[in-house]
Amino acid sequence: MISGIPTDIRSLTLPELKIKLTELGEKPFRANQVYEWLWKKSAHQFDEMSNLSKSLRQTLQQHFVINAIQVVDKQVSADRTIKSSFKLHDGHLIEGVLIPTEDRMTACVSSQVGCSLTCKFCATGKMERIRNLTPDEIYDQVVHIRNWANQHYQMPLTNIVFMGMGEPLLNYNNVLKSIEKITGEDGLHMASDRITVSTAGIAKMIKKLADDEVKFNLALSLHAANDTKRNQIMPINESNSLDEVLDALAYFKSKTKGKLTYEYIAFRNFNEDITDARELLAICKKVPAKINIIEYNPIGDGLFSKADSTKIDQFQKYLERNGVVATVRRSRGKDIDAACGQLANKS
Ligand code: SF4
């Protein structure tokens, strides 16, 4: 406890917890039991820790808190997508989504409250960035969404994408710590290659991922294939030009085994033409990646609209004819504002 504020117990490593419990007169091995409850068993109350004595549970209660997130609103879309608002211990709201398909259950999680990058097409970008999420707040989203996959669709969670609210690479340490717990034997033990972190393109941090030899996949929110157009919709491009980002991605590919994807939202009268596809092809020749062409979901500000379906098909076919794997992703969860770019805590 620091000056009367109880410590968030999940901010402690196992060795730190051992020291704290020893200071409180407990045997160090008790820390292993508590740690297992906190992570592997995802307990959100000390009272759930049924193999601990009542007095130890009371001691924990007096000295620590578990800053668990709470589900405040849960909506199920006609296409079975589930979106929830989660309330953080300090009252802020974030959102997470379960995207079910026939063979996959994908959790889309947030990494920050709001976002500082102000991408013009994104509802989150219209909110200010309030704070970074802690590793346990990210972990809790995965646990809740994993439970919905089991309860609603009787399927295990298969994939995780960091594509919710916030720029994950601007919350680098906490995102990596959360992934360590999601993949760790002391946590959810999920496979790293089922995790994709999505970035708006921060070259320096992409290089750091490479130097840290991470084992997960990376997606670049590309959305425009030249600097002039990208500057118009993603201000981050002004300080991280496409060439700098592509160099960083090439470095990432050379140092890790992670797969690379370019996310490309197709906007009407902006980036849907064959001339755009040609520029995108040049990018793929420089740094190869799979392309997801995403249908745009208007966010009510009238700035952009959905690209023409025929043009999207021509765009995709052009890329495929030229040897690039390109998939068109139709929107999911549009009716509950859960689709890509729509997360903004309307509730
Ligand atoms: S698209 Fe991502 S990086 Fe851009 S404003 Fe939205 S949440 Fe932030």
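**Exercise 1. Two helices side by side**

Which residues in H9 meet which residues in H10? Work it out on this predicted model, then describe how the pair is arranged.

*Solution.*
Step 1: Find the helices. H9 covers residues 274-286, and H10 covers residues 309-321.
Step 2: List the contacts. On the H9 side you should have Ile-274, Asp-276, Ala-277, Arg-278, Leu-280 and Leu-281; they meet Gln-314, Phe-315, Tyr-318 and Leu-319 in H10.
Step 3: Sort these residues by class. The contact divides into 7 nonpolar, 1 polar and 2 charged residues.
Step 4: Add the geometry. Two packed helices are described by the angle between their axes and the distance between the axes. Here the axes come within 9 Å and cross at roughly 35°. The crossing of H9 past H10 is right-handed.

**Exercise 2. Walking across the sheet**

Trace the open sheet from one end to the other, and explain why S3 and S14 each have one side without a neighbour.

*Solution.*
Step 1: Write down the order. The sheet has 10 strands, running S3-S4-S5-S6-S9-S10-S11-S12-S13-S14, with mixed pairing.
Step 2: Look at the ends. S3 (70-76) and S14 (326-329) stand at the edges and have a single partner strand each, so one side of each is left without a neighbour in the sheet.
Step 3: Check the twist. On average, neighbouring strands are turned by 20° against each other, ignoring direction.
Step 4: Zoom in on the S3 edge. S3 pairs with S4 (residues 82-87) in the antiparallel sense, over 6 bridges. Within this pairing, Gln-75 stands opposite Lys-83 in S4.
Step 5: Now compare with pairings further along. S11 (residues 217-221) runs parallel to S12, joined by 4 bridges, and Leu-218 stands opposite Leu-260 in S12. S12 (residues 260-266) also runs parallel to S13, this time with 6 bridges; there, Tyr-264 has Ile-293 as its bridge partner.
Step 6: Place a helix on the sheet. H5 (residues 172-183) lies across S9 (159-162) and S10 (195-199), and runs at about 170° to S10.

**Exercise 3. How covered are S12 and S13?**

Decide how many residues of S12 are buried, then do the face-by-face check and move on to S13.

*Solution.*
Step 1: Count. In S12, 7 of its 7 residues are buried, which makes the strand mostly covered.
Step 2: Split the strand by face. In a regular strand the side chains alternate between the two faces of the sheet. For S12, one side holds Leu-260, Tyr-262, Tyr-264 and Ala-266, and the other holds Thr-261, Glu-263 and Ile-265; both faces are covered.
Step 3: Repeat for S13 (residues 290-295). Of its 6 residues, 5 are buried, so S13 is largely enclosed by the rest of the structure.

**Exercise 4. Asn-67 and Lys-87: buried or partly exposed?**

Place each residue, give its exposure class and name what it touches, leaving out residues up to four places away in sequence.

*Solution.*
Step 1: Take Asn-67. Asn-67 sits in the loop between S2 (64-65) and S3. The cut-off for buried is under 20% relative accessible area, and Asn-67 has 15%, so it is buried. Asn-67 touches Asp-8, Arg-10, His-89, Asp-136, Glu-137 and Asp-140.
Step 2: Take Lys-87, which lies in S4. At 37% relative accessibility, Lys-87 is partly exposed. Its contacts are Ala-68, Ile-69, Gln-70, Val-72, His-92 and Leu-93.

**Exercise 5. Odd backbone angles**

Describe His-189 and Glu-213, which have a positive phi without being glycine.

*Solution.*
Step 1: Recall the background. Most residues other than glycine have a negative phi.
Step 2: His-189 has a phi of about 55°. His-189 is in the loop between H5 and S10, and is exposed at 52% relative accessible area.
Step 3: Glu-213 has a phi of about 50°. Glu-213 is in the loop between H6 (203-211) and S11, and is partly exposed at 48%.

**Exercise 6. Around the ligand**

Which residues are around the ligand, and how do they divide by class?

*Solution.*
Step 1: List them. You should find Cys-115, Leu-117, Thr-118, Cys-119, Cys-122, Thr-124, Gly-125, Gly-166 and Ala-200.
Step 2: Classify them. The shell has 5 nonpolar, 4 polar and no charged residues.

Methods:
Residues are numbered from 1 along each chain as its sequence is written. This is a predicted model: local features need pLDDT of at least 70, side-chain atom pairs count only at pLDDT 80 or more; totals for chains, interfaces and linings use all residues. Side-chain values use heavy atoms; hydrogens and water are left out. A residue is near a molecule or strand if one of its heavy atoms lies within 4 Å of it. Ala, Val, Leu, Ile, Met, Phe, Trp, Tyr, Cys and Pro count as nonpolar, Asp, Glu, Lys and Arg as charged, and the others, Gly among them, as polar. Axes are lines fitted to C-alpha atoms, for helices over the stretch in contact, and angles run from 0 to 180 degrees between N-to-C directions. A crossing is left-handed if the near helix is turned anticlockwise from the far one by less than a right angle, and right-handed if clockwise. Contact means heavy atoms within 4.5 Å. Two strands pair if DSSP finds at least two bridges between them. Buried means under 20% relative accessible area, exposed over 50%, partly exposed in between (1.4 Å probe, protein chains only).
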